[in-house]
Amino acid sequence: MATKLFVGGISWDTREDALMELFSSVGTVVSAVILTDKFSGKSKGFGFVEMSTEEEAKKAIEQLNGALLDGRNLTVSEARPQAPRDENGGGFRRGGGDSRRGGNGGGRGGFGGRRENRY
């Protein structure tokens, strides 16, 4: 078992120091992070806590899964590794291409391919 834990159900008002304080009651906390939206800065409602040992991580899952923090019940589980992303960041393809060959470039917009007038 890893020492990094996923914590879900975090209130948008909860701060990292409150999360760290809660998990400190179980053992030594190495780090506590609440993820935020990069544009708005608002909490995404989940984060990660890293405990110093696997035993403390197990104890945290047993004791804090379902615990109440800032009016919300937390979900605590072992963190899974992040899935690999493809080289363009996992989003839609944008731009590029040559419009003469059916690409999405040349200022034509859309999803590529040639548009014919059907009327």
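## A walk through a predicted fold

Leaving aside residues up to four places away in sequence, Ala2 touches Glu54, Ala57 and Glu78. Keep in mind from the start that this is a predicted model. Ala2 sits in the segment before strand 1. Is Ala2 buried, partly exposed or exposed? With a relative accessible area of 33%, Ala2 is partly exposed, because buried means under 20% and exposed means over 50%. Ala2 also lets us compare sequence with space: Ala2 and Ser52 are 50 residues apart along the chain, and their C-alpha atoms are separated by 10.0 Å.

**The overall plan**

Let us step back to the whole protein. It has two helices and six strands. Starting at the N terminus, the elements follow the order β-α-β-β-α-β-β-β. Of the 119 residues in the protein, 27% are buried. The protein exposes about 8,900 Å², and carbon and sulfur atoms supply 47% of that area. Among contacts between residues at least 6 apart in sequence, 54% join residues at least 24 apart.

**The sheet**

In what order do the strands of the open sheet lie? The four strands are arranged 2-3-1-6, and their pairing is antiparallel. Strand 2 (29-36) and strand 6 (75-78) are the edge strands, each pairing on one side only. On average, and ignoring direction, neighbouring strands of this sheet are turned by 20 degrees against each other.

Two of the pairings are worth tracing on the structure. Strand 1 (residues 4-8) and strand 6 run antiparallel and are joined by four bridges; in strand 6, Val76 is the bridge partner of Val7. Strand 2 and strand 3, also antiparallel, are joined by six bridges, and here Thr36 has Ser43 in strand 3 as its bridge partner. The hairpin of strand 2 and strand 3 has six residues between the strands, and in this hairpin Gly41 takes a positive phi near 80 degrees.

**The two helices**

Helix 1 (residues 16-24) packs on the sheet, where it touches strand 1, strand 2, strand 3 (43-51) and strand 6. The direction of helix 1 makes about 140 degrees with that of strand 2. Helix 2 (residues 54-64) lies across strand 1, strand 3 and strand 6, and runs at about 150 degrees to strand 6. Just after helix 2, Gly66 takes a positive phi of about 95 degrees.

Here are the two helices side by side:

| Helix | Buried residues | Arc of the buried residues | Exposed residues on the other side |
|---|---|---|---|
| Helix 1 | Leu19, Leu22, Phe23 | 90 degrees | Asp17, Glu21 |
| Helix 2 | Glu56, Ala57, Ala60, Leu64 | 105 degrees | Glu55, Glu62 |

Why do the buried residues of helix 1 line one face? Seen down the axis of helix 1, they fall within an arc of 90 degrees, so they line one face of the helix. In helix 2, the buried residues cover an arc of only 105 degrees, which puts them on the same side. A general rule helps here: an α-helix has 3.6 residues a turn, so residues three or four places apart point the same way.

What do these buried faces meet? Those of helix 1 pack against strand 1, strand 2, strand 3, helix 2, strand 4 (68-69) and strand 6. The buried residues of helix 2 pack against strand 1, helix 1, strand 3 and strand 6.

**The core**

In soluble globular proteins, nonpolar side chains tend to be buried together. In this model, the largest nonpolar core has 19 residues. Which residues have the most contacts inside this core? They are Leu19, Phe23, Val49 and Leu64. Strand 1, helix 1, strand 2, strand 3 and helix 2 each give two or more residues to the core. Try following Leu64: not counting residues up to four places away in sequence, Leu64 touches Leu22, Phe23, Val26, Leu74 and Val76.

**A buried serine in a loop**

One last stop is Ser11, found in the loop between strand 1 and helix 1. Is Ser11 buried or exposed? Ser11 counts as buried because its relative accessibility is 8%, and the cut-off for buried is under 20%. Again leaving out residues up to four places away in sequence, Ser11 touches Ser43, Asp70 and Arg72. Ser43 has appeared before, as the bridge partner of Thr36.

Conventions
Residues are numbered from 1 along each chain as its sequence is written. This is a predicted model: local features need pLDDT of at least 70, side-chain atom pairs count only at pLDDT 80 or more; totals for chains, interfaces and linings use all residues. Side-chain values use heavy atoms; hydrogens and water are left out. Two strands pair if DSSP finds at least two bridges between them. Axes are lines fitted to C-alpha atoms, for helices over the stretch in contact, and angles run from 0 to 180 degrees between N-to-C directions. Contact means heavy atoms within 4.5 Å. Buried means under 20% relative accessible area, exposed over 50%, partly exposed in between (1.4 Å probe, protein chains only). Accessible areas come from the Shrake-Rupley method with a 1.4 Å probe; for residues, only the protein chains shown count as cover. The arc is that of the directions from the helix axis to the C-beta atoms. A nonpolar core is a set of buried Ala, Val, Leu, Ile, Met, Phe, Trp, Tyr and Cys residues joined through side-chain atoms within 4.5 Å.
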